[in-house]
Amino acid sequence: MTDVPVVGVLALQGDVREHLVALAAADAVGRAVRRPEELAEVDGLVIPGGESTTISKLAVLFGLMEPLRARVRAGMPVYGTCAGMIMLADKILDPRSGQETIGGIDMIVRRNAFGRQNESFEATVDVKGVEGDPVEGVFIRAPWVESVGAEAEVLAEHDGHIVAVRQGNALATSFHPELIGDHRVHGLFVEMVRANLAAGS
């Protein structure tokens with residue numbers, strides 16, 4: 001594909017600007033997505049970190065939850081970081097009252113598993129599919145994956161816990177690669193978007 005893919009960033013909450021910068025560095029056109037009509041115009045979507053309960057409630061409020069689920073079910077490439085990982089889980093181990101997910105990855109996720117805000121940390125992570133040195137991951141009130149189903153592929157672990165998963169066109173990491181200027185994970189996702197476009201999906 002010679003066309004540059006258009007990748008949205010769900011702009012309801014979280015570090016939207018950093019993802020837009022990372023997508024541009026990975027040779028994609030990044031766009032903020034807040035409404036269903038904006039979602040319809042993108043080739044893929046990043047769901048940023050933030051507070052997963054708030055993102056869930058805002059997605060419902062903005063009329064985005066069902067369109068998001070429909071696009072993900074239809075095979076739109078999607079990448080979730082931190083809270084975005086929680087949003088892509090088919091099941092949350094400890095959901096807040098009324099919390100919903102988009103789903104798309106057969107995994108069970110534990111919210112805030114690595115601790116509170118003041119226990120945030122950085123760690124190097126070997127991510128399958130990302131060439132070169134390990135990725136420097138920023139973990140901020142990060143979840144981890146308790147278990148995955150047969151269709152989901154574990155891409156990375158940290159301290160014995162699953163922190164990166166892929167299932168088909170859905171990718172999720174517990175950590176924030178967009179905060180440290182290493183755009184290789186976004187590059188991996190943009191290649192997923194390009195492959196999906198080339199397949200004519």
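**Entry 1: terms and model**

I count Ala, Val, Leu, Ile, Met, Phe, Trp, Tyr, Cys and Pro as nonpolar, Asp, Glu, Lys and Arg as charged, and the others, Gly among them, as polar. With that settled, I sorted the lining of the largest pocket, and its residues divide into 6 nonpolar, 7 polar and 4 charged. I keep in mind throughout that this is a predicted model.

**Entry 2: the largest pocket**

I looked up the volume of the largest pocket and found about 210 Å³. Its lining is made up of 17 residues, and those that lie nearest the centre are Gly-50, Glu-51, Cys-82, Ile-140 and Arg-141.

**Entry 3: the active-site annotation**

Which residues does UniProt place under "active site"? The record, an unreviewed entry, gives Cys-82, His-176 and Glu-178. I then checked how these residues sit in space: they span 97 residues in sequence, yet no two of their C-alpha atoms are more than 11.2 Å apart, so they gather at one spot. Of these residues, Cys-82 and His-176 are included in the lining of the largest pocket.

I turned next to His-176, which I found in the loop between β12 (170-173) and α6 (184-198). Is His-176 buried or exposed? Its relative accessibility is 5%, and because buried means under 20%, His-176 counts as buried. Leaving aside neighbours within four places in sequence, I noted that His-176 is in contact with Asp-15, Gly-49, Thr-81, Cys-82, Val-138 and Ile-140, and Cys-82 in that list is itself one of the residues annotated by UniProt as "active site".

Glu-178 lies in the loop between β12 and α6 as well, and with a relative accessible area of 5% it is buried. Not counting residues up to four places away in sequence, Glu-178 touches Asp-15, Glu-18, His-19, Ala-22, Thr-81 and His-186. With one of these, His-19, the side chain of Glu-178 makes a polar contact of 3.4 Å. I also marked that Asp-15 and Thr-81 appear among the contacts of His-176 and among those of Glu-178.

**Entry 4: the binding-site annotation**

The unreviewed UniProt entry also carries the feature "binding site", which it places at Gly-50, Glu-51, Ser-52, Arg-111, Ile-140 and Arg-141. Although these residues are spread over 92 residues of sequence, I found that they cluster in space, with a largest C-alpha distance of 12.6 Å. The lining of the largest pocket includes Gly-50, Glu-51, Ser-52, Arg-111, Ile-140 and Arg-141.

I looked at Gly-50 and Arg-141 in more detail. Gly-50 lies in the loop between β3 (44-47) and α3 (52-61), and at 40% relative accessibility it counts as partly exposed. Its contacts, not counting residues up to four places away in sequence, are with Gln-13, Gly-14, Ile-55 and Ala-83.

Arg-141 is found in the loop between β8 (135-139) and β9 (144-148), where it counts as partly exposed at 28% relative accessibility. Not counting residues up to four places away in sequence, Arg-141 touches Glu-51, Cys-82, Asn-112, Gly-115, Arg-116, Gln-117 and Ser-120. I noted, too, that Arg-141 has a positive phi of about 45° although it is not a glycine.

**Entry 5: Asn-112**

Since Asn-112 is in the list of residues that Arg-141 touches, I followed it up. Asn-112 is found in the loop between β6 and β7 (121-125), and at 27% relative accessibility it counts as partly exposed. What is the phi of Asn-112? I read a value near 50°, which is positive in a residue other than glycine.

**Entry 6: the loop between β5 and β6**

Lastly I looked at Thr-101 and Pro-95. The place of Thr-101 is in the loop between β5 and β6, and its relative accessible area of 15% makes it buried. Its side chain reaches the backbone oxygen of Ala-89 at 2.9 Å. Leaving aside neighbours within four places in sequence, Thr-101 is in contact with Met-65, Arg-69, Ile-86, Met-87, Ala-89, Asp-90 and Ile-92.

Pro-95 has its place in the loop between β5 (89-92) and β6 (105-110), but at 46% relative accessibility it counts as partly exposed. I also traced Pro-95 against Gly-115: C-alpha to C-alpha they are 16 Å apart in space, and in sequence they are 20 residues apart.

Methods: Residues are numbered from 1 along each chain as its sequence is written. This is a predicted model: local features need pLDDT of at least 70, side-chain atom pairs count only at pLDDT 80 or more; totals for chains, interfaces and linings use all residues. Side-chain values use heavy atoms; hydrogens and water are left out. UniProt positions are given in the numbering used here, feature names are shortened, and annotations may be inferred rather than shown by experiment. On a 1 Å grid over the protein atoms alone, a cavity is a set of points where a 1.4 Å probe fits but cannot get out, and a pocket is an open set with protein on both sides within 12 Å along at least five of seven lines; lining residues have an atom within 4 Å of a point. Helices (H or I, at least four residues) and strands (E, at least two) are DSSP runs, numbered from the N terminus. Buried means under 20% relative accessible area, exposed over 50%, partly exposed in between (1.4 Å probe, protein chains only). Contact means heavy atoms within 4.5 Å. A polar contact is a pair of N or O atoms within 3.5 Å; within protein, one must be able to donate a hydrogen and the other to accept it, and residues adjacent in sequence count only if both atoms are side-chain atoms. Grid points are joined across faces, edges and corners, and a volume is the space filled by probe spheres set on the points.
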